[in-house]
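Thanks for coming. Please have the sequence and the model open while I talk.

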Amino acid sequence: FFFDLSLSLPVRPSIVTMGKLSSIRNFFGKEAPNKVNGSTIVNPVELGDVAWHRDLDTALMASTQTGKPVFCLFQEIPGCSTCTGFGSNVLRNPALVRSIQTDFIPVAIHNNKPGRDAQVLKRYGEPSWNNPVVRFLDGDGRDILPRRDGVWTAQGIASRMVEALCTMGLPVPEDVKRIGM
């Protein structure tokens, strides 16, 4: 465990390095930071292994430039058991992580923090201190699919990812299709 100074709470990190899943264990069997090519990202468990943008406007701009949809996660950090389970299971699935980072522009919005995150919650009418919600947005910030609550499984998220990519006329990775069936 590492100590998150902004929260003064221990967090179980997830290690994401240069867009690749990279996790090492120290001699206690706990995950420890890994440095490859000088870049290391340590996520709280609720965010899994995805390398997230943290600013919606930046993600929307990247979406406009690339034509990729935004995978917008509204997540409580630190979170309840549903939030940590979503991060530990769904957001650590290698096929989903690869697709989220390759086929989408991932952005994480903390639904329990003030400032920019709170402004985004208000913009989309998302409640604070809520279970995870993933919204798929176009470069203008419009929903590609209707908002759906309670989608917390790999199969459920994969199915929504397939639907979003198909709606945008983009190719869908075969492994994500299989998970979403």
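**A walk around a three-stranded sheet**

What you have on screen is a predicted model. Its mean pLDDT is 80, and 77% of the residues reach 70 or more. Residues 1-38 are another matter, since pLDDT stays under 50 over that stretch. The model has 80 contacts beyond four places in sequence for residues 1-38. I will leave that part alone and go to the sheet.

The sheet is open, has 3 strands in the order 9-8-10, and its pairing is mixed. Strand 9 and strand 10 are the edge strands, each pairing on one side only. On average, neighbouring strands in this sheet are turned by 20° against each other, direction ignored.

Take strand 8, residues 70-75. In which sense does strand 8 pair with strand 9? The pairing is parallel, over 6 bridges, and strand 9 covers residues 105-110. Two places to find on screen: Cys72 stands opposite Val107 of strand 9, and Phe71 has Pro106 as its bridge partner in strand 9. Towards strand 10, residues 133-137, strand 8 runs antiparallel, and 5 bridges join the two. There, Leu73 stands opposite Val134 of strand 10.

Now burial. All 6 of the 6 residues of strand 8 are buried, so the strand is largely enclosed by the rest of the structure. In a regular strand, side chains alternate between the two faces of the sheet. For strand 8, one side has Val70, Cys72 and Phe74, the other has Phe71, Leu73 and Gln75, and all of these are buried. Strand 9 also has 6 of its 6 residues buried, so it too is largely enclosed by the rest of the structure. Its two covered faces are Ile105, Val107 and Ile109 on one side, and Pro106, Ala108 and His110 on the other.

Next, the helices around the sheet. Helix 1, residues 56-66, lies across strand 8, strand 9 and strand 10, and runs at about 165° to strand 9. Helix 4, residues 116-124, lies across strand 8, strand 9 and strand 10 as well, running at about 100° to strand 9.

How do helix 1 and helix 4 sit relative to each other? Two packed helices are described by the angle between their axes and the distance between the axes. Here the axes of helix 1 and helix 4 come within 10 Å and cross at roughly 65°. Leu56, Asp57 and Leu60 of helix 1 make the contact with Val120, Arg123 and Tyr124 of helix 4. By class, the residues of this contact are 4 nonpolar, no polar and 2 charged.

Helix 2 comprises residues 81-89, and its buried residues are Cys83, Phe86 and Gly87. Seen down the axis of helix 2, they fall within an arc of 95°, so they line one face of the helix. What covers them includes strand 8, strand 10 and helix 5, residues 154-167. Ser81 and Asn89, on the other side of helix 2, are exposed.

I will finish with two serines. Ser99 is in helix 3, residues 94-103. Is Ser99 buried or exposed? Its relative accessibility is 3%, so Ser99 counts as buried. Not counting residues up to four places away in sequence, Ser99 touches Phe104, Met161, Pro173 and Val176.

Ser128 sits in the loop between helix 4 and strand 10. Why does Ser128 count as partly exposed? Because its relative accessibility is 45%, and partly exposed runs from 20% to 50%. Leaving aside neighbours within four places in sequence, Ser128 is in contact with Asn111 and Leu121. The C-alpha atoms of Ser128 and Asn112 are separated by 5.5 Å, although these residues are 16 residues apart along the chain.

To recap the sheet: the order is 9-8-10, with strand 8 parallel to strand 9 and antiparallel to strand 10. Helix 1 and helix 4 lie across these strands, and strand 8 is part of what covers the buried residues of helix 2.

Key:
Residues are numbered from 1 along each chain as its sequence is written. Side-chain values use heavy atoms; hydrogens and water are left out. Buried means under 20% relative accessible area, exposed over 50%, partly exposed in between (1.4 Å probe, protein chains only). Helices (H or I, at least four residues) and strands (E, at least two) are DSSP runs, numbered from the N terminus. Two strands pair if DSSP finds at least two bridges between them. The arc is that of the directions from the helix axis to the C-beta atoms. Contact means heavy atoms within 4.5 Å. Axes are lines fitted to C-alpha atoms, for helices over the stretch in contact, and angles run from 0 to 180 degrees between N-to-C directions. pLDDT is the predictor's confidence in each residue, from 0 to 100. Ala, Val, Leu, Ile, Met, Phe, Trp, Tyr, Cys and Pro count as nonpolar, Asp, Glu, Lys and Arg as charged, and the others, Gly among them, as polar.
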